[in-house]
Every structure is written in C-alpha cells, then in structure tokens.
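Please work through the exercises below on the pockets of a protein model. Each task is followed by a solution in steps.

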Amino acid sequence: MAKRVAVIDIGSNSVRMVIYEKTSRFAFHILHEAKSRVRISENAYQNGGNLQEIPMQRAFDALSDFLSIVSSFKARKTLCIATSALRDAPNKKDFINRIRNSLGLNIKVIDGQREAYLGAVACINLLPQQKDALSIDIGGGSTEFSLIDGVKIESNISVDLGTVRLKELFFDRGDVDGAKKYIDSQLQQLDGTNISTVIGIGGTFRAISNAILNKSGYPIDKLHAYEPNYDEFEKVLEKIVRSDEDELKDIGIKSSRFDVIKPGALILLRVFKKFKVQKLVTSGAGVREGLFLTDLLRNSNDRFPANYNTSVRYILDAHIDNHAYANQLCKVSKMLFDLTHKELGIEDRYRHELSVAAKLCMSGNNIHYYSHNKNSYNLIKDALEFGFTHKQIILIATLTRYAKRKLPSQSHIQKFKELLPDSEQLDALSFLLSLAVALLSHYPRNIDFTLSFEESELKVCSKNSLYLAKESIKKLDMMPKKSINISFYS
C-alpha cells in the first residue's frame, strides 16, 4: 500500500477528502482534511432523482481543487467513492464520465450495503468494542445500519431515508406526519433486531453530540467515542424537531445544518422509539475511514490484529526514539502492578491503561526534553484517538503527566473527576509508573533485576548496584495512602 493515500467521499450533502500517511504497517495519521458542502443532490428528489447542473458544477469545482491538494501532498493513491445521490441518479454516468475525462478521477459508486459495511469497519477498528450495537449513518439520501457485536459485523442494511430526501419530499411541504409514516415504513427492515447501544456515525448524530458536549461543561473537547446521556440526547432531538432557526442556534446547531437537522433528528427519534436503547456512542470515524481501512487491512479480513492499537503504534512510530526502553518500562510497570495491585487496592481493569501509559510516557521527549511530561500529556490526550474510551485516554494521559514527579494535583483531579478513577487508585497507579521509571534510571540494555512482593515489602534483587535506581527512589515523594516498603538485595 502507498505511504500516502487520499480518500474522497461524494455524499448527498458534502464532498469530503482525507489524506492519510502510514507510519508503519498498520499505523497511520491524518495529514489533511477538506470538505465542501456542494449538496450535489439538491433538487434531485423533486426531479426523478436526476442530478441538476448547478450542484454538479459545484461538485466538479470542489473535486478539481481536492485533486490539487492531493498532488501537493504527493499522495500515491486516491480512492474515490460516491453514495446515495449518485447511485439513485439516472444521469449519474454523465457526471462520472465528465469527472473521469476532465479530472482523471475514477469514481466508484457503491451500493447501500457496502456503504453500511465501510462505516461498520471503521467502528469495529477505531472505537472501543461495543456489544449488541447498531451503527447508524444518516446521509442526505439514505441511512445505513449495521449490527455490531464486538469485532463482528452481523448484517448491513441500507434504507431510503436521508435528510435531503425527507426535506424535499416532506418537510418543505410541512408534512411532518407524512415523514413519520415514511420513516417508520422504511425502518420495518430492522424488525426483529435486538440492540442496546446505538453508534452514531453521520453528520446529524455528530452535530447533536457536539452541541450537547459544548454545553455540558465536559472536560475534554473530543467527539470520537463521546458517550452522550441518552435521556438528554432524546430531549434535544425532540426540541430540534419543533424549533425555529433562533432556537436551533441556541441549542448549538450550526447554521449550515438548519435545513437538514430536523429530518435527521426525526429519523433518530423514530429509531429510538423502535428500540430499547441504553447507551449512545459517537463515532468520529465513518465511511472514509472504513474505505481507507479496507485497503490497509485487505489481507487481514478488514481488521487489525488482536491486541493491536493503531494510535499507540503511531505515537511510538512518530514520537519515541528508544523503543527498547519504552518496552522495558511497560514490562516493569506490569510486573509491579501484578505484584502489588491487591495490596494497593487497584482494580484489575487498570492494568492495561498503566501499561500503555508506561510505553508512551516518554513520547514528549522529542518535542522538548525539559517539559516532556507536559508534552506527553498533551500529545496523548489529543493523539490517542482510536480504540479507547475517554476515561482510558484521560487516565493514560494523566499518568504520563505526573510520571516521576508527584501525585496528580487536586485541581487536575477535580477538572477530570467524571473521567478518572477514585483518588486512591489514581495515586497508586501514578506511584507504580513513577517507581518503574526510577527502577530503570540507569537504562539497562536488558532488565537486570527481579521483583518479588511479600508482607508489604517489594524486594528488588540484582547483581548490579542499581545506584541510580536507589537514588531515584529516595527522591520519590509520592507514596500513595496504602504505602509499601522497597528493599534492595544483591
């Protein structure tokens, strides 16, 4: 696969492009994003689905500029797909041929099931695992659903529901009751489905989640993997359907979505009415990421290897020079956890977060050594994007911020209270990471000590003096409430 790949998605509302760069076999990051709200399906549903000249020209101009950006970034491969607006259009070949002949870009029109599958691929690879989940991607002309259970995609369904379609056929005529009946008739294709979680992929779900996030005082500005409260989300949906433009603005909806947010909100309300939903998850990844991943993982059944995380690997690739030390720190941290977590009152589930924090805690060194803790914290909080819950991200980032320094401050704990574990467990985890850093102060080629734990005493045995480790441990002024004794033996 090429090192740099551009992905273009021609939807009913917008044309979007992302340029990805691989940093190793399965690790990547985004170099550039671009979006143009060309509304290629504008007035199409009132004209037998035929694309109209002015929207087609807008799309042509946007694609022309996108290809200029692709060339600037020297991307070696460009993948371009089109969804509902083109697959429904009787005159789609005219547009596709014009783009191919004038711009040299080949557009692949995908069917609804393929569109649903690509969104699901993004979910199973880039979100924390979800059980009994239904992904929903509301577009301008269609809505795609996939049943997801862990890393399995059970089924993919596409229905003729979309914000632009409903707007032109019902909302522009003031026929909200007609829209409800039409939505419910389309949703009959989901009869017999049992789910407890809804994963929102499309722009409607993200726009509403973002409005709730911004008004809630939520401690981090990260939409991907955000879990809005179901009751609050449903109330906002109901309010949107009956709001005028001033009220929509007050809710936090951007003006560019005023004309399509009501149909989208109504679709979600009818979906919620059909199922007993217990949990909502917002996905910042969707069809574009799914298309990129099916190319990246084409020899791996469209899935990352077990226990692999692409965001962790990207940070290691781009920001850590001494991989051997990072692996040692991870190993020693896990050894300390396994020996002491019961004594320190730490739940088993935090072992993973401690190990990731250990592996990444020196990632800020290559930004600026003397402020590496702060740099590591900011980098992890922002770049540890995929496969983790917000609670996991903030815990990992917090542990790196205070590694080998001090216990987390009360102001920090208060700011992220709803995302962090209780203070005793947080202090104990922070202590273990700092202890691991201290034990490896001499940067051995291979770990040159063994650890054992008995009757609240951690025994460190080595043939070497471990002079720097002993000195570093003496400087640790951060014992948790349930302290342990550390003794060295030769």
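The exercises treat two pockets of this predicted model.

**Exercise 1.** Describe the largest pocket by its volume, its lining and the elements that contribute to the lining.

*Solution.*
Step 1. The volume of the largest pocket is about 980 Å³.
Step 2. Its lining comprises 34 residues. Nearest the centre of this pocket lie Arg16, Glu33, Arg206, Gly284 and Arg288.
Step 3. Two or more lining residues come from each of β2 (15-22), β3 (28-36), α7 (203-215), α11 (287-296), α12 (310-319) and α15 (372-383).
Step 4. With six residues, β3 gives the most to this lining.
Step 5. Sorted by class, the lining of the largest pocket holds 12 nonpolar, 10 polar and 12 charged residues.

**Exercise 2.** Give the corresponding description of the second largest pocket.

*Solution.*
Step 1. The second largest pocket has about 790 Å³ of volume.
Step 2. It is lined by 28 residues, and Ala306, Asn307, Tyr308, Asn309 and His352 are the closest to its centre.
Step 3. The elements α4 (112-126), α12, α13 (323-344) and α14 (351-360) each supply two or more residues to the lining of the second largest pocket.
Step 4. Here α14 gives the most, namely five residues.
Step 5. The classes in this lining are 14 nonpolar, nine polar and five charged residues.

**Exercise 3.** Which element gives two or more residues to the linings of both pockets?

*Solution.*
Step 1. The element α12 (310-319) appears among those that line the largest pocket.
Step 2. The element α12 is also listed for the second largest pocket. The answer is therefore α12, by the residue runs that define each element.

Note on methods:
Residues are numbered from 1 along each chain as its sequence is written. This is a predicted model: local features need pLDDT of at least 70, side-chain atom pairs count only at pLDDT 80 or more; totals for chains, interfaces and linings use all residues. Side-chain values use heavy atoms; hydrogens and water are left out. On a 1 Å grid over the protein atoms alone, a cavity is a set of points where a 1.4 Å probe fits but cannot get out, and a pocket is an open set with protein on both sides within 12 Å along at least five of seven lines; lining residues have an atom within 4 Å of a point. Grid points are joined across faces, edges and corners, and a volume is the space filled by probe spheres set on the points. Helices (H or I, at least four residues) and strands (E, at least two) are DSSP runs, numbered from the N terminus. Ala, Val, Leu, Ile, Met, Phe, Trp, Tyr, Cys and Pro count as nonpolar, Asp, Glu, Lys and Arg as charged, and the others, Gly among them, as polar.
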